[in-house]
Amino acid sequence: MTTVHEPAVTTPADLSVWPASTNDNRRGDLAVGGVPLAEIADRFGTPVYVLDEAEVRDRCRTYRDAFPDAEVLYAAKAFLCRAMVHWMEEEGLGLDVCSAGELELAVTTGFPAERIVLHGNAKSPRDLETALRLGVGRIVIDSPSEIARLAAAVGPDGHQKVMVRVVPGISAGGHAKIRTGTDDQKFGLSISDGYAQHAIARILDQPQLELTGLHCHLGSQITSVKPYLLAVRRMVGLMARLREQHGLVLPEIDLGGGHGIAYRPGEQALDLTTLARKVRMELNEACAAAGLPVPNLIIEPGRAIAGPAGIALYRVLAVKRTGEHTFVAVDGGMSDNPRPALYGVRYAPRLIGRHSTAAPAPVTVVGRHCEAGDVLATDVELPGDVHPGDLLAVPVAGAYHLSMASGYNLVGRPPVVAVARGRARLLVRRESLEDIRSRDVGL
């Protein structure tokens, strides 16, 4: 059992993007969940991911409180492990999965399949077979070709609830690569050109498929409420046309997720309370104007639950000064966090494990991989005496880090450690060289 260090005063401006349990005792011993981060690095090695269980659970409850009459599904693609599945079930959330792998992990952990939604733009035969075999609650149809394939897999005597992912023609999100609400990307069926309506008509010709509602996802890192309100109006408009054309009244509307969070102090995040209030008002008003009953609302937060609960810990391997630049190289990088290379994401790393009185200096924190683009944080301030052996902690590392990790340079993926009430426990072990060797059967 890990010892709980003395409580300490926090600096809100410095720790605003850290878990609420974070304490700083001014000696550099930053603690999360009652466990000093330096102790975790010594016990489990680095790189290592730390997940604050209380922060995860608190964020689940915040969503349940903000959307008391909605169905909240955790978007498992952000980060999934057996413990996360267990926490989601205990906190009353459903799951949104994108593959047979995510689905099987959830169900074999004991999560009820009927509370799981499967979607993705190109579901494999295995994805669909697994979903039907395990009895997944809903399958979101993303392309016309899925309709016939799914109907055939269900069989004439079977039954499966489905939704249709529509594209409402709304540009929203923090980067072009994570905007999915417009007609120029791979997801969904367009409302504006009639593809969504045509697909729905085909679904209605398949009696074994029960269409329960419309689904959309506008993108990621959205910090404004307005795109969601516009999506509500356009989706309710489509629902009204479907009633006119087919006499169909759909009972569900899914607005997806994409709720933006702050990665550095001072950055904007989506106001969840405002979102919940205005979406509910917009939905009620739009349905009243169209003469429709108000459908059940579904939302799918992922990053907003997992992201702020995670911290990545790295050990400094080298400090190199080249011209006007100082590079601080750590023992991880783009294999455990590809997001800076993919989206230009910026983080706020912090020196932990010792107190430094040196003046801060601008540095670029880089990874160990053989790529010039292996950069974790550009032009950030660290103490001027940072040196090999130091520990760096990167907050807001709970989402799309380990879930997007790769095997580049065969360094092995880091472990995940949960902290709660002064104790640390391993959730996912470090990927070993033996793990890597055992997959290679080429000799």
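Contact here means heavy atoms within 4.5 Å. With that in hand, here are some friendly notes on this predicted model.

1. A good place to start is threonine 212, which belongs to strand 11, spanning residues 209-215. Not counting residues up to four places away in sequence, threonine 212 touches Arg138, Lys161, Val162, Met163, Leu250, Pro251 and Glu252. One of these partners also makes a polar contact: the side chains of threonine 212 and glutamate 252 are joined at 2.7 Å. Threonine 212 has a relative accessible area of 3%, so it is buried.

2. Now for the chain as a whole. The protein chain holds 13 helices and 21 strands. Its C-alpha atoms fill a box of roughly 70 × 55 × 45 Å along the principal axes. For 443 residues, a compact globule would have a radius of gyration near 22 Å, and the 23 Å of the protein chain agrees with that.

3. How much of the protein chain is buried? Buried residues account for 54% of the 443 residues. The accessible surface of the protein chain is about 18,800 Å², and carbon and sulfur atoms supply 52% of that surface.

4. The contacts can also be sorted by distance along the sequence. If you take contacts between residues at least 6 apart in sequence, 68% of them join residues at least 24 apart. As for charge, the protein chain has 47 positive and 51 negative charges, and the mean positions of these two sets are 1 Å apart.

5. Glutamate 146 is worth a look in your viewer. This residue sits in helix 7, residues 144-154. Is glutamate 146 buried or exposed? With 2% relative accessibility, glutamate 146 counts as buried, because the cut-off for that class is under 20%. The glutamate 146 side chain reaches the backbone nitrogen of aspartate 142 at 3.1 Å. Leaving out residues up to four places away in sequence, glutamate 146 touches Gly120, Asn121, Ala122, Lys123, Val140 and Ile141.

6. Valine 85 is another buried helix residue: helix 4 covers residues 82-90 and includes valine 85, and the relative accessibility of valine 85 is 1%. Apart from neighbours within four places in sequence, valine 85 is in contact with Leu80, Ala106, Thr109 and Phe111. If you want a distance to check on screen, try valine 85 and arginine 138: they are 53 residues apart along the chain, and 18 Å separates their C-alpha atoms.

7. Serine 192 gives you a loop residue to consider. The loop in question runs between strand 10 (189-190) and helix 8 (195-204). At 63% relative accessibility, serine 192 counts as exposed. Which distance separates the C-alpha atoms of serine 192 and proline 168? The answer is 7.5 Å, for two residues 24 apart along the chain.

8. Alanine 359 is in the loop between strand 16 (350-352) and strand 17 (360-366). Its relative accessible area of 55% makes alanine 359 exposed. Even so, alanine 359 has contacts with Leu382, Pro383 and Gly384, leaving aside neighbours within four places in sequence. Between alanine 359 and alanine 152 the C-alpha to C-alpha distance is 67 Å, with their positions 207 residues apart in sequence.

9. A few backbone details deserve a closer look. Most residues other than glycine have a negative phi, and most peptide bonds are trans. Threonine 46 and proline 47 are joined by a cis peptide bond, with omega at about -10°. Proline 47 lies in the loop between helix 2 (37-44) and strand 4 (48-52).

10. Two residues to inspect for phi are tyrosine 400 and asparagine 409. Tyrosine 400 has a phi near 60°, which is positive although the residue is not glycine, and asparagine 409 likewise has a positive phi near 60°. Tyrosine 400 is placed in the loop between strand 19 (391-395) and strand 20 (416-420), and asparagine 409 is also in the loop between strand 19 and strand 20. Their exposure can be set side by side: tyrosine 400 is buried, with a relative accessible area of 13%, whereas asparagine 409 is partly exposed at 37% relative accessibility.

Notes. Residues are numbered from 1 along each chain as its sequence is written. This is a predicted model: local features need pLDDT of at least 70, side-chain atom pairs count only at pLDDT 80 or more; totals for chains, interfaces and linings use all residues. Side-chain values use heavy atoms; hydrogens and water are left out. Helices (H or I, at least four residues) and strands (E, at least two) are DSSP runs, numbered from the N terminus. The radius of gyration is taken over C-alpha atoms; the globule rule is 2.2 Å times the number of residues to the power 0.38. Buried means under 20% relative accessible area, exposed over 50%, partly exposed in between (1.4 Å probe, protein chains only). Accessible areas come from the Shrake-Rupley method with a 1.4 Å probe; for residues, only the protein chains shown count as cover. Lys and Arg count as positive and Asp and Glu as negative; His and the chain ends are not counted. The place of a charge is taken as NZ of Lys, CZ of Arg, CG of Asp or CD of Glu. A polar contact is a pair of N or O atoms within 3.5 Å; within protein, one must be able to donate a hydrogen and the other to accept it, and residues adjacent in sequence count only if both atoms are side-chain atoms.
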